[in-house]
Amino acid sequence: MDRLTPHFLSVGLRTLLALQRRPLRGLHAEALREAAQLSLAPAEAASEVEIDALRAALKASAETIQMQDFGAGTQAGLLAALAKPDERRIAEIYERAAATPAWGRFLFCLVRALRPRHVLELGANLGVSAAHIVAALDHNHREGGEEAHLVTLEGDPTLANLAREHLVPTGRATVVTGRFVDTLPEVLATRSPFDLVFLDGHHEEAATLQYFAMIRPHLAPGACVVFDDIEPTRPVRRAWKRVLTEEPSSGHADLLGLGLWFAPFAEADAKVPRKASAAVQ
Ligand SMILES: C[S@@+](CC[C@H](N)C(=O)[O-])C[C@H]1O[C@@H](n2cnc3c(N)ncnc32)[C@H](O)[C@@H]1O
């Protein structure tokens, strides 16, 4: 599945959209249908070529870095912060963690279709998914859209610096270093409301629910939250299911391991008590 080409991913996404038990309606449905085409205009394709060059460089890199394991699993919290850094090859980190080209294309097309102003990502890693998001924000702006910005969070300082190297020069991204629980409060207080959030780090149930609960009050009406890793049997799927049952929304879509949840358009629709989630260290 991870090695899907954009063509096959598009076929899968369009099929799944048609099969949703509770299909999205209105603007979100239209935006998703458009994004699922995964088609690029020539100028957009040129941006993707630049991202492909970044991917090729990461894949070919012989460099190793000392990194803290903030990946999925119980180490992702306080234990990870205390653990000894591991030596890892950049090429291996890229292969294991970065969004594949097809999913990167989907993120690009989603941002093009939804036209968010403020985007938040949990899990910058090497900044690959962020590169797709930022390129789309740039195209939106060039077409007369408002100034738009991505804030992406990363626990490992070396990875955060590597992401910064190519994201900061775009003028559209900020990379914040530190554990999500530590960095989120200030980012949410100073950068919200967010129109689009990509949850792509610390793939555990309680952690995902905690981050969602922290972020939820800082979402713009109709905002989209993308949950990565919701395949059956994955811990994030349980968190996703709880969000669907406990959180009022304006709709959702379950797409090949990625879950898209849309906030209500009117805050009055959201005034239903939420259950507290267990705190995560
Ligand atoms: C799957 S990778 C993100 C991939 C990236 N979004 C992409 O597609 O290119 C997840 C990242 O989240 C970071 N991470 C995981 N748990 C974290 C935590 N609790 N605090 C901060 N960063 C964390 C990891 O270090 C890792 O780099």
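Student: Is alanine 35 buried or exposed?
Tutor: Start with the count. Alanine 35 has 24 other C-beta atoms within 10 Å. A residue needs 20 or more to count as covered. So alanine 35 in this predicted model is buried.

Student: Which helix holds alanine 35?
Tutor: Look along the chain for the helix that spans residues 26-36. Residue 35 falls in that stretch, and the helix is H2.

Student: Which residues touch alanine 35, leaving aside its neighbours within four places in sequence?
Tutor: One partner sits 78 residues along the chain from alanine 35. The C-alpha atoms of alanine 35 and that partner, alanine 113, are separated by 6.0 Å. With the sequence neighbours set aside, the contacts of alanine 35 are Phe106, Cys109, Leu110 and Ala113.

Student: Among contacts between residues at least 6 apart in sequence, what share joins residues at least 24 apart?
Tutor: First, the chain as a whole: it has 11 helices and 9 strands. Of its 281 residues, 44% count as buried. Now take the contacts between residues at least 6 apart in sequence. The share joining residues at least 24 apart is 72%.

Student: In what order do the 7 strands of the open sheet lie?
Tutor: The pairing in this sheet is mixed. From one strand to the next, the twist averages 15 degrees. Read across the sheet, the order is S5-S4-S3-S6-S7-S9-S8.

Student: Which are the edge strands of that sheet?
Tutor: An edge strand of this sheet pairs on one side only. Two strands fit that test: S5 and S8 (251-255).

Student: How many bridges pair S3 with S4?
Tutor: Strands of a sheet pair through backbone hydrogen bonds, either parallel or antiparallel. S3 and S4 take the parallel sense. In this pair, leucine 122 stands opposite leucine 153 in S4. The number of bridges between S3 and S4 is 5.

Student: How many residues of strand S6 are buried?
Tutor: S6 covers residues 194-199. The strand is mostly covered. Out of its 6 residues, the buried number is 6.

Student: Which residue in S7 is the bridge partner of valine 197?
Tutor: S6 runs parallel to S3, with 4 bridges between them. There, valine 119 stands opposite leucine 196 in S6. S6 also runs parallel to S7 (residues 219-228), joined by 5 bridges. In S7, the partner of valine 197 is valine 225.

Student: Which residues of helix H9 are buried?
Tutor: H9 spans residues 180-191. Seen down the axis of H9, the buried residues fall within an arc of 80 degrees, so they line one face of the helix. These residues are Phe180, Leu184 and Val187.

Student: Which residues of H9 are exposed on the other side?
Tutor: The buried residues of H9 pack against S3 (118-122), S4 (149-154), S5 (173-177) and helix H10 (205-215). Turn to the other side of H9. The exposed residues there are Pro185, Glu186, Ala189 and Thr190.

Student: Is the peptide bond from serine 192 to proline 193 cis or trans?
Tutor: Proline 193 is in the loop between H9 and S6. Omega of the bond from serine 192 is near 5 degrees. The bond is cis.

Student: What is phi of asparagine 125?
Tutor: Asparagine 125 lies in the loop between S3 and H7. This residue is buried, because 27 other C-beta atoms lie within 10 Å. Its phi is positive, in a residue other than glycine. The value is near 55 degrees.

Student: Where is histidine 202?
Tutor: Histidine 202 is another residue other than glycine with a positive phi, near 55 degrees. Histidine 202 counts as buried because it has 27 C-beta neighbours inside 10 Å. Its place is the loop between S6 and H10.

Student: Which residues are closest to the ligand?
Tutor: The ligand is surrounded by 20 residues. H7 (128-142) and S4 each supply at least two residues of this shell. By class, the shell has 9 nonpolar, 7 polar and 4 charged residues. The closest residues are Phe70, Gly123, Ser129, Gly155 and Gly201.

How values were computed. Residues numbered from 1 in each chain as written. Predicted model: local features only at pLDDT ≥ 70, side-chain atom pairs only at ≥ 80, totals over all residues. Buried ≥ 20, exposed ≤ 12 C-beta atoms within 10 Å, placed from the backbone. Arc of directions from axis to C-beta. Contact = placed C-beta atoms within 7 Å. Near = placed C-beta within 6 Å. Nonpolar A, V, L, I, M, F, W, Y, C, P; charged D, E, K, R; others polar. Pairing = 2+ DSSP bridges. Axes fitted to C-alpha atoms, helices over the stretch in contact; angles between N-to-C directions.
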